[in-house]
Amino acid sequence: MAALSGAGSGRPCGCRRRGPDPEHPWLRPLPDWTRTMNSDNGVGNVSINAEVFSGDGEHQEAPPPLTNGPAQLPSDLAVPLKVGWKQKCATYVLALRPWSFSASLTPVALGSALAYRSEGTLDLVVFLMCAVAVLAVHGAGNLVNTYYDFSKGIDHKKSDDRTLVDRILEPQDVVRFGVALYTLGCVCAGSLHFLSKLRLEHMALIYFGGLSSSFLYTGGIGFKYVALGDLVILITFGPLAVMFAHAVQVGYLSVTPLLYAVPLALSTEAILHSNNTRDVESDRQAGIVTLAFLVGPTLSYMLYNLLVFLPYVIFCILATRYTITMALPLLTVPLAFSLERQFRSQNFTRLPQRTAKLNFFVGLFYVFGIVLAPPGTLPKL
């Protein structure tokens with residue numbers, strides 16, 4: 001072999017080294033392959049990424065990485081996941097929206113407290129049966145709302161209720177659960193006929209009036225979709241529920257519970273109004289007309305304040321004219337001002353849930369105020 005020399009150039013003297021011909025197919029730049037090994041729970045996942053170049057040296061977008069893991073389907077082609085029975089039971093409970101149950105439990109407690117103050121006695125069995133009956137109708141109404149909002153394409157991935165959107169439950173599951181709750185409510189109402197002295201026609205008129213309203217809110221006529229949902233909720237989860245709870249205890253109908261139900265009804269309506277104000281944009285896109293949509297953001301804010309703070313005015317009048325125990329609900333005023341600031345800043349995150357919390361404590365202190373009032377101090381009691 002000839003010895004290599006030439007001033008340390010490493011090439012024979014007099015020879016000039018040529019670079020690779022970029023047009024030669026064998027001498028084009030090769031892809032830059034990168035092989036990475038990732039471990040997830042002890043299982044090796046191999047992913048291969050490549051930078052791909054065209055024949056003229058221009059960069060092309062690399063193909064998706066290859067992996068030996070499960071393929072990810074697009075969200076619109078996602079299939080329902082198999083969940084255990086414990087998780088499914090928890091999902092059934094969440095589908096009922098239990099945070100809103102104060103809207104049905106506090107009216108029952110208020111009507112029972114009014115009956116105790118007027119009659120001096122309280123039947124606990126009747127109270128429990130009445131609470132279950134009203135709660136079952138409320139829960140079934142929430143399920144009807146979930147079903148029809150989903151079937152009309154209103155609920156989406158950013159909705160508050162994604163029970164059907166995420167395919168955790170199927171529509172037929174929601175329907176069966178709703179029918180079961182309506183049946184449970186009717187059984188409890190039938191039991192009240194044998195436990196209470198209230199006439200059957202009066203009991204049926206009030207109870208099935210409330211049951212029909214809970215269904216027609218989104219089902220059938222769909223009062224929610226034509227700006228009448230607020231009126232339905234204001235009547236059903238206010239005067240109607242309070243009158244029902246009072247009547248099954250005392251055995252007759254009276255106008256008095258309707259008057260005492262006004263502060264609680266306003267507080268309950270504040271829950272729905274905050275929810276509708278939060279969803280006004282999605283409702284507009286879905287063609288739904290609500291009161292919040294009709295009045296606009298400024299009047300919605302004013303209406304929310306009216307619904308939240310007007311009950312405190314009523315409590316102040318009752319406390320100054322009749323008994324100081326009616327001032328107990330005023331302990332919740334700081335929470336009310338916190339909700340006002342949140343609404344004013346247009347931060348609707350969990351605002352309906354926080355308004356329901358206010359409704360619960362207002363109703364609780366209201367009931368305590370009535371029970372602790374000295375006999376004969378409250379009007380018409």
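Biologist: Between which helices does the loop holding Q346 lie?
Modeller: This is a predicted model, so every value here is computed from it. Q346 is not a glycine, yet its phi is positive, about 60°. The residue sits in a loop, and that loop runs between α11 and α12 (351–372).

Biologist: Is Q346 buried, partly exposed or exposed?
Modeller: The relative accessibility of Q346 is 45%. Buried needs a value under 20%, and exposed needs one over 50%. The value for Q346 falls in between, so this residue counts as partly exposed.

Biologist: Which class does R350 fall into, buried or exposed?
Modeller: R350 also lies in the loop between α11 and α12. Its phi is near 60°, a positive value in a residue other than glycine. The relative accessibility of R350 is 53%. The cut-off for the upper class is over 50%, so R350 counts as exposed.

Biologist: Where does T332 lie?
Modeller: T332 is in a loop too. One side of that loop is α10 (291–321), and the other is α11 (333–344). The place asked for is the loop between α10 and α11.

Biologist: Is T332 buried or exposed?
Modeller: T332 touches Y312, L358, F361, V362 and F365, leaving aside residues up to four places away in sequence. Its relative accessible area is 5%. The limit is under 20%, so T332 is buried.

Biologist: Which residue's side chain makes a polar contact with that of T332?
Modeller: The two side chains come to 2.6 Å in this contact. A polar contact needs N or O atoms within 3.5 Å, so the distance fits. The partner of T332 is Y312.

Biologist: Which residues form a cluster through ring pairs?
Modeller: The structure holds 13 aromatic pairs. Some of the rings link up into a cluster, and Y312 is one of its members. The full cluster is F309, Y312, F315, F337 and Y366.

Biologist: Why is the pair of Y148 and F215 given its class, and what is that class?
Modeller: The ring centres of Y148 and F215 are 6.3 Å apart, and the limit for a pair is 6.5 Å. Their planes meet at 85°. An angle over 60 degrees sets the class, so this pair is edge-to-face.

Biologist: How many residues apart along the chain are Y148 and F215?
Modeller: Y148 is in helix α3 (residues 124–151), and F215 is in helix α5 (residues 200–216). Y148 is partly exposed at 23% relative accessibility, and F215 is partly exposed at 32%. The pair links distant parts of the chain, and the separation is 67 residues.

Biologist: What is the angle between the ring planes of F360 and F361?
Modeller: F360 is partly exposed at 37%, and F361 is partly exposed at 29%. Their rings lie 5.3 Å apart, centre to centre. The pair is edge-to-face, with planes at 70°.

Biologist: How far apart are the C-alpha atoms of A131 and A245?
Modeller: A131 is in helix α3. At 13% relative accessibility, A131 counts as buried. A131 and A245 are 114 residues apart along the chain. Their C-alpha atoms are separated by 8.1 Å.

Biologist: Over residues 243–266, how far apart are the end C-alpha atoms?
Modeller: UniProt, in an unreviewed entry, lists 243–266 and 174–195 among its transmembrane regions. Residues 174–195 are 100% helix, with end C-alpha atoms 31 Å apart. Residues 243–266 are 75% helix and 0% strand. For residues 243–266, the end-to-end distance is 16 Å.

Biologist: How many disulfides does the structure hold?
Modeller: C186 is partly exposed, at 31%. The nearest cysteine sulfur to that of C186 belongs to C188, 9.4 Å away. A disulfide needs sulfur atoms within 2.5 Å, so C186 is in none. The count for the structure is 0.

Biologist: Where is confidence lowest in the protein chain?
Modeller: The chain averages a pLDDT of 82, and 76% of the residues score at least 70. Confidence is highest in α11, at a mean of 97. Over residues 30–80, pLDDT stays under 50. The lowest mean, 41, belongs to strand β2 (residues 43–53).

Conventions:
Residues are numbered from 1 along each chain as its sequence is written. This is a predicted model: local features need pLDDT of at least 70, side-chain atom pairs count only at pLDDT 80 or more; totals for chains, interfaces and linings use all residues. Side-chain values use heavy atoms; hydrogens and water are left out. UniProt positions are given in the numbering used here, feature names are shortened, and annotations may be inferred rather than shown by experiment. Helices (H or I, at least four residues) and strands (E, at least two) are DSSP runs, numbered from the N terminus. Rings of Phe, Tyr and Trp (its six-membered ring) pair if their centres lie within 6.5 Å; planes under 30 degrees apart count as stacked, over 60 as edge-to-face and the rest as tilted. Buried means under 20% relative accessible area, exposed over 50%, partly exposed in between (1.4 Å probe, protein chains only). A polar contact is a pair of N or O atoms within 3.5 Å; within protein, one must be able to donate a hydrogen and the other to accept it, and residues adjacent in sequence count only if both atoms are side-chain atoms. Contact means heavy atoms within 4.5 Å. pLDDT is the predictor's confidence in each residue, from 0 to 100.
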